Amino acid sequence: MKISKKNLTPAQYLVFGYFIIIMLGSILLMFPIATTDGQGLGTVDAVFTATSATCVTGLIVVNTKEAFTHFGSTVIMLLIQIGGLGIMSMSTLFAFIIGKKISLKERLIIQEDLNQYQISGMVRLVQYLLGFTFAIEGTAAVILFTRLVQDYPTGKAIYLAIFHAVSAFNNAGFDLFGNSLENFTGDITINFVIMALIILGGIGFGVMVEAYNRVKFKKSTLQTKIVIVMTLVLLVFGFIVFFALEYDNTLAGLPLLDKTLGAMFLSVTPRTAGFNTVATGALKQSSLFIIIILMFIGASPGSTGGGIKTTTFGVMLVTLKNMIVGKEDMEVYNRRFEKKIIYEAFTITMLSAGLVVLITTLLLVIEDFQFIDVLFETVSAFGTVGLSTGITGQLSDISRVLITITMFAGRVGPLTLALAFGERVRKGKYHYPTEKIMVG
């Protein structure tokens, strides 16, 4: 496959764009000024950390609080912001600043980066995106500051508030407390602000635009309806399951309010956030398995989160239901969607599952960890979640490279990667005769 700047597709632009940002971030994290020991990170750890930040994952091989200076943590925060908003969104921001017009090619790349199905209104969507992002992060940072200033000096409280507002809204999961949010299990302010940021960052900017324009649910787009319904269903399902499973385990000994907050946070964080208020490694295997499923589904299209997306899962469920009742058209909310959407949902799910199976198998061959821990780590990397049972720092260099690749694939998207490196097949001028096969 020949690649030149002139014939790069939007998918290829995105892949190479994220790759360049990761490489630049890796170089900065290798500077002596970036780490507290004055040595800088090694190559593998620098690339792993830069990828985790740019792909808004949150998996770490060194403790962020202890290993990095203000310079290092600021580099991580900037990578999170760039990765969360998307390469083209940040490029568009600079174009706005210098007064440059956005070309058709750039609009196509923005469309690919934000997972939008139509090219019209791309620049306006980016304007909304940037406005929502800075407004939400700024408001959250102020609220977090009023809480953190009670425990930290003013300057440090400001920095911590900004860093965690950016990390939470972009569903990154990086923290500067050293043990995520385990010290704030029963803290109402911290819990609700972080959960709100995670949910807002994960529902997609298209949904935010409709909410901002006060579009009623009945008149909203089909995508918005599926996103809202699936998000609520997954959140409620997760809360009920985790409250029941962890009541006498990680939530044992806590007051009822703290148990409730803990279960709520456990339900929200698999939306690809990566923060935790209870020790992930201490969760029951049944809880870990449910989290794996939720992480694989992930957030929604056009958001800062990863996973196969709530709409993909929703399309699969609608297809399943309509196939069972014998409907030929895939109908939901008095609308129907094309079969092409079903093919795309199936392709994304199978590519994602195939990647998870491949990486999990390789890690099981290389490492000596429990299957559930390795599967959890792999899905967390693919879903750009960042939760871990504690094995990340113990991985060998080759395993860290595999997890790095998985995080990159999860952020860019397996379908985008396939389109970027696969040869495009032109539509044929003829069709072969059909023949039936038995399935099931």
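**Helix packing, backbone exceptions and surface patch**

Just after α2, Val56 takes a positive phi of about 40°. The model described here is predicted. Val56 is not a glycine, and the residue sits in the loop between α2 (43-54) and α3 (64-67). Most residues other than glycine have a negative phi. With a relative accessible area of 0%, which is under 20%, Val56 is therefore classed as buried.

The helix that precedes this loop is itself mostly covered, as 9 of the 12 residues of α2 are buried. The buried set consists of Asp45, Ala46, Phe48, Thr49, Ala50, Thr51, Ser52, Ala53 and Thr54. These buried residues of α2 pack against α1, α4 (70-85) and α17 (397-412). The length of α2 agrees with expectation, because its 12 residues should span 16 Å at 1.5 Å a residue and its end C-alpha atoms are 16 Å apart.

A positive phi is also found at Ser180, where the value is near 60° in a residue other than glycine. Ser180 is placed in the loop between α8 (154-169) and α9 (188-202). The relative accessibility of Ser180 is 6%, so this residue counts as buried.

The helix that follows the Ser180 loop contains Asn191. Asn191 counts as buried because its relative accessibility is 0%. When neighbours within four places in sequence are left aside, the contacts of Asn191 are Phe184, Thr185, Gly186, Leu261, Phe265 and Thr277. Two of these partners, Thr185 and Gly186, recur in the surroundings of Asp258. Asp258 belongs to helix α12 (residues 256-268) and, with neighbours within four places in sequence excluded, is in contact with Thr185 and Gly186. Asp258 is buried but has no salt bridge. The nearest side chain of opposite charge is that of Lys259, at 9.5 Å, whereas a salt bridge requires a side-chain nitrogen of Lys or Arg within 4 Å of a carboxyl oxygen of Asp or Glu.

Helix α13 (residues 285-297) includes Ile290. At 16% relative accessibility, Ile290 falls under the 20% limit and therefore counts as buried. Outside its neighbours within four places in sequence, Ile290 is in contact with Phe237, Val241 and Phe242. Ile290 and Pro270 are 20 residues apart along the chain, and their C-alpha atoms are separated by 9.5 Å.

Ile290 is one of the buried residues of α13, alongside Ser287, Leu288, Ile291, Ile292, Leu294, Met295, Phe296 and Ile297. The partners against which the buried residues of α13 pack are α11 (222-246), α12, α14 (310-325), α15 (339-366) and α16 (371-382). As with α2, the span of α13 agrees with expectation: its 13 residues should cover 18 Å at 1.5 Å a residue, and the end C-alpha atoms are 19 Å apart. α13 is followed by Gly298, which has a positive phi near 75°.

On the surface, a nonpolar patch is formed by Phe19, Ile20, Met23, Leu24, Ile27, Leu28, Phe31, Ile33 and Phe71, which together have about 780 Å² of accessible area. Helix α1 (residues 10-29) gives the most to this patch, with 6 residues. An α-helix has 3.6 residues a turn, so residues three or four places apart point the same way. Met23 is located in helix α1, and its relative accessible area of 31% makes Met23 partly exposed. Helix α1 is also among the elements against which the buried residues of α2 pack.

For the protein as a whole, the secondary structure comes to 18 helices and 2 strands. Of the 440 residues, 53% are buried. Among contacts between residues at least 6 apart in sequence, 71% join residues at least 24 apart. The protein exposes about 21200 Å², and carbon and sulfur atoms supply 65% of this area.

Technical notes:
Residues are numbered from 1 along each chain as its sequence is written. This is a predicted model: local features need pLDDT of at least 70, side-chain atom pairs count only at pLDDT 80 or more; totals for chains, interfaces and linings use all residues. Side-chain values use heavy atoms; hydrogens and water are left out. Helices (H or I, at least four residues) and strands (E, at least two) are DSSP runs, numbered from the N terminus. Buried means under 20% relative accessible area, exposed over 50%, partly exposed in between (1.4 Å probe, protein chains only). Lys and Arg count as positive and Asp and Glu as negative; His and the chain ends are not counted. Contact means heavy atoms within 4.5 Å. The expected span of a helix is 1.5 Å times one less than its number of residues. Patches are made of residues with over 30% relative accessible area and no salt bridge: like charges are joined within 9 Å, nonpolar side chains (Val, Leu, Ile, Met, Phe, Trp, Tyr) within 5 Å. Accessible areas come from the Shrake-Rupley method with a 1.4 Å probe; for residues, only the protein chains shown count as cover.
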